[in-house]
Amino acid sequence: MGVEMVERARVGKAPKRGTAYQREYSLCAVVFLLPMIFFLVVFVVWPILSSAQMSLFAWNGVSPTRQYVGFQNWSRLIGDRIFWSAFRNNLTVLVLSIVIQIPMGMALAVLVSNGGRWMVVFKTVCFLPMLMSSVAIGILFKYVYDPYFGVLTASLKAVGLSPLVRNWLGDPQIALYSVIAVVCWQFIPFYMILFEAGIAGIPVELHEAAIIDGATENQYFWHITLPLLWGTTRAAVSLALFGSLTYFDLVWVMTTGGPSGATELMATYMVKKAFLSTEVGYGSTVAFAMFLIVVLISGIAFFVTRRKESSPWSS
Amino acid sequence: MKIWIRTSTVAVLVALILGACAPATTPTASPAGSTTAPTVQPTQAPATQTSAEKKVITLWHVQTGDGPKVIQNEVDRYMADHPDVEVKVEAQQTDNYTVKLNVALGADNPPCVFSTWGGGPLYQYVKAGKIQDLTEWMNQDNYKDRFLDAGIASITFDGKIWAVPVEHSAIAVIFYNKKIFADNGLSIPSTYDELLQIITKLKSVGIAPFALGGKSVWPELFFTTYFVDRLGGPEAFRAAATRTGGSFTDPPFIQAGQMIQDLVKMGAFVEGFNGLDYGTGQSRMLMYSGKAAMEMMGTWNISTIKGENPDFYATNLGFFPFPAIVGEKGDPNDVAGSIGQDLYSVAAACKYPKEAFELIQYMIDDKAVAERAAIGRIVPVKSFTTDDPMLKEVLRLLKQAPNVQLWWDQYLPPDLGQASLDTTQALFSLTQTPGVAFGNMETTAIRVFGK
């Protein structure tokens with residue numbers, strides 16, 4: 001039995017079910033997981049359930065008492081024009097984030113993976129946006145987007161493209177896209193690093209073999225690299241999905257959801273309702289609705305893109 | 001060697017963790033069982049302090065320009081006279097201050113002393129039992145008589161006093177660039193029609209008539225307030241706001257909305273105003289650079305500009321009150337403003353309320369009054385006089401006003417105040433008609449007050 005155990009461990013299989021060793025093994029696993037489970041329950045599960053409960057009440061956040069209102073908040077939410085407009089904005093952010101950030105991240109990753117020494121410098125510079133605080137980026141770009149003194153306006157004017165100058169953050173038609181541009185600037189480096197790690201996991205021999213067999217770099221990328229990055233891509237899409245549906249930082253700093261709701265997102269609407277209008281009950285309703293929406297959309301995305309994880313070496 | 005590295009790493013980590021877990025000197029007076037911020041701290045020592053331990057009071061303010069320096073001077077003087085108290089001053093940003101304060105008060109983890117703008121939001125905190133009743137101390141030696149009556153009235157609820165007027169009194173006026181006016185032969189308008197003529201003239205020479213911090217929204221609210229006040233008198237707003245027979249869809253409101261949209265359509269506001277943030281100075285920059293001729297703003301702007309751009313303040317800055325709308329109910333001498341705004345309250349959860357109140361008293365004693373006057377503030381004490389011509393004019397406008405209308409978003413309960421901001425922004429962005437915009441505000445009012 002001892003030999004069998006070692007054999008199973010060597011190829012990475014869990015202990016045989018039902019054995020004493022398996023019970024011990026499982027117990028060990030649970031004990032190690034307990035701290036994480038504790039934090040997860042206290043900081044994730046409980047607040048979510050608590051906001052679901054709060055959505056049945058009306059409370060102003062400071063009063064020691066709160067009022068039970070049943071599903072009144074929910075019926076208000078369903079008819080709330082602003083919330084659904086915010087949801088549509090979230091979808092815009094979602095689509096544009098996936099369409100812009102992921103391909104560009106991948107392109108940069110391919111560039112960086114193939115490069116030489118200079119790529120290390122390039123990589124570091126590219127990564128800087130991710131290290132800056134969102135608030136700092138937001139204020140910085142607010143000045144960049146200033147329609148009179150901002151860098152963007154000044155540059156366009158300097159090269160004679162004055163007619164292109166717009167009210168970047170104040171025009172309801174383009175404000176959201178202006179903000180999305182900055183979001184992309186902030187997060188593309190993240191995807192670059194993600195895909196770079198994925199590409200690093202592809203064995204170099206594959207590349208050599210493909211070249212020997214006469215494949216061009218282009219063919220290599222589309223037919224070998226890309227399919228092998230499927231798992232990473234899926235992870236990237238999930239992250240983009242979740243991030244876009246719950247996005248808050250830059251929109252709040254740059255436009256606070258204005259002008260007149262043009263850049264309102266579900267998260268900014270929630271904060272406005274819960275803390276500025278001091279309707280914590282309704283704000284919790286928005287928050288829990290966000291949770292349901294994110295779970296639903298992520299679930300669908302995950303289900304649709306499921307595929308058996310396979311590596312070239314699996315037997 | 002390996003063991004050496006391992007043990008020293010562990011030792012360093014342990015030292016770091018212990019250092020991070022050391023009790024920070026926060027003055028949180030958290031009653032047992034309330035939720036405090038999730039930092040890893042040992043529980044607070046019991047109330048009886050040894051003489052070696054200092055009492056810690058936290059103070060939150062939203063002052064900018066030279067304001068924080070003045071506050072620090074007063075705090076230093078207080079600490080010099082009271083060596084057993086340590087005061088931590090934390091400057092907060094105006095635009096997100098309400099959110100932060102709401103959370104702090106709601107979680108019973110508030111600063112001991114903090115500023116508010118009085119009115120509806122303060123009353124909400126009072127009703128929730130979060131504010132220390134100051135009546136007894138204000139009546140001691142008739143201390144409250146030091147302040148302007150209107151200032152005390154704005155923070156008296158249910159017969160008790162809940163704050164101290166400190167920082168300044170301010171009214172909303174129209175600031176203008178004297179040079180631009182002189183160059184174009186313009187003089188201060190006394191009627192709204194004259195203002196419209198000025199706007200047309202400025203547009204014809206390519207200067208934006210009004211700078212406006214539209215992204216911050218509350219600068220736009222000044223216009224709404226004045227239009228409604230000039231058209232319907234202060235009763236129009238009061239009747240609607242206190243639900244005593246008025247509605248936000250009454251004719252003065254709709255007409256005010258119409259006039260605002262007419263102004264926007266005729267290009268009275270600088271292009272791109274929707275995205276300009278007053279807090280980061282974007283609208284002021286337009287005034288300084290001569291791209292815009294006027295800006296409607298509270299008179300704290302005098303102090304801000306004095307500190308930010310002394311040249312402009314000295315040579316080019318002027319202001320006039322919102323003009324009269326001839327033939328309408330409102331009194332042209334009425335002003336929109338706040339007496340003693342940035343009033344300081346003591347949190348009910350504060351461990352040292354008496355010391356906190358004394359600190360506030362230091363912030364408005366004679367030395368402090370003089371310092372505030374020097375940086376261009378109108379202090380809400382009865383004894384206040386000034387030689388500064390600009391402040392003298394503000395004081396005159398303030399004293400002669402039959403009615404001082406408090407800013408709508410501070411007068412109204414928070415959710416209705418927010419609705420007034422949303423309505424105003426919709427009007428200025430031309431995304432809703434006055435009927436729809438004010439209709440939404442009325443709907444919110446009905447929901448908030450139940451009638």
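**Exercises on a predicted two-chain model**

**Exercise 1.** Find the residues that B:Val270 touches, leaving out residues up to four places away in sequence.

*Solution.* Contact is judged by C-beta atoms, placed from the backbone, that lie within 7 Å of each other. By this test B:Val270 touches B:Ala208, B:Phe210, B:Ala211, B:Leu212, B:Leu286, B:Lys291 and B:Ala292. The model is predicted: local features need pLDDT of at least 70, side-chain atom pairs count only at pLDDT 80 or more, and totals for chains, interfaces and linings use all residues. Residues are numbered from 1 along each chain as its sequence is written, and chains are lettered from A in the order in which they are written.

**Exercise 2.** Describe the largest nonpolar core, and state which helix gives the most to it.

*Solution.* Step one is the terms. A residue is buried if 20 or more other C-beta atoms lie within 10 Å of its own. A nonpolar core is a set of buried Ala, Val, Leu, Ile, Met, Phe, Trp, Tyr and Cys residues joined through C-beta atoms within 7 Å.

Step two is membership. The largest core holds 122 residues, and B:Val270, B:Phe210 and B:Ala292 are among those that touch the most other members. Helix α9 (residues 218–241) of chain B gives the most, with 12 residues. Helices here are DSSP runs of H or I, at least four residues, numbered from the N terminus. At least three residues of the core come from each of domain 1 (51–168 + 339–390) and domain 2 (170–338 + 395–449) of chain B; the domain bounds come from an automatic or database domain assignment.

Step three is the remainder. Another core, of 52 residues, lies apart from this one and includes A:Phe83 and A:Leu250.

**Exercise 3.** Which residues of helix α6 of chain A are buried, and why do they line one face?

*Solution.* In α6 (residues 134–144), the buried residues are A:Ile137, A:Gly138, A:Phe141 and A:Lys142. Seen down the axis of α6(A), they fall within an arc of 135 degrees, so they line one face of the helix. The arc is that of the directions from the helix axis to the C-beta atoms. An α-helix has 3.6 residues a turn, so residues three or four places apart point the same way. The buried residues of α6(A) pack against α8 (175–200) and α12 (249–254) of chain A.

**Exercise 4.** How many residues does each chain give to the contact between chains A and B?

*Solution.* Chain A gives 27 residues and chain B gives 33. On the side of chain A, α6 and α13 (266–276) each give two or more residues, and α13(A) gives the most, with 3.

Methods:
Buried ≥ 20, exposed ≤ 12 C-beta atoms within 10 Å, placed from the backbone. Contact = placed C-beta atoms within 7 Å.
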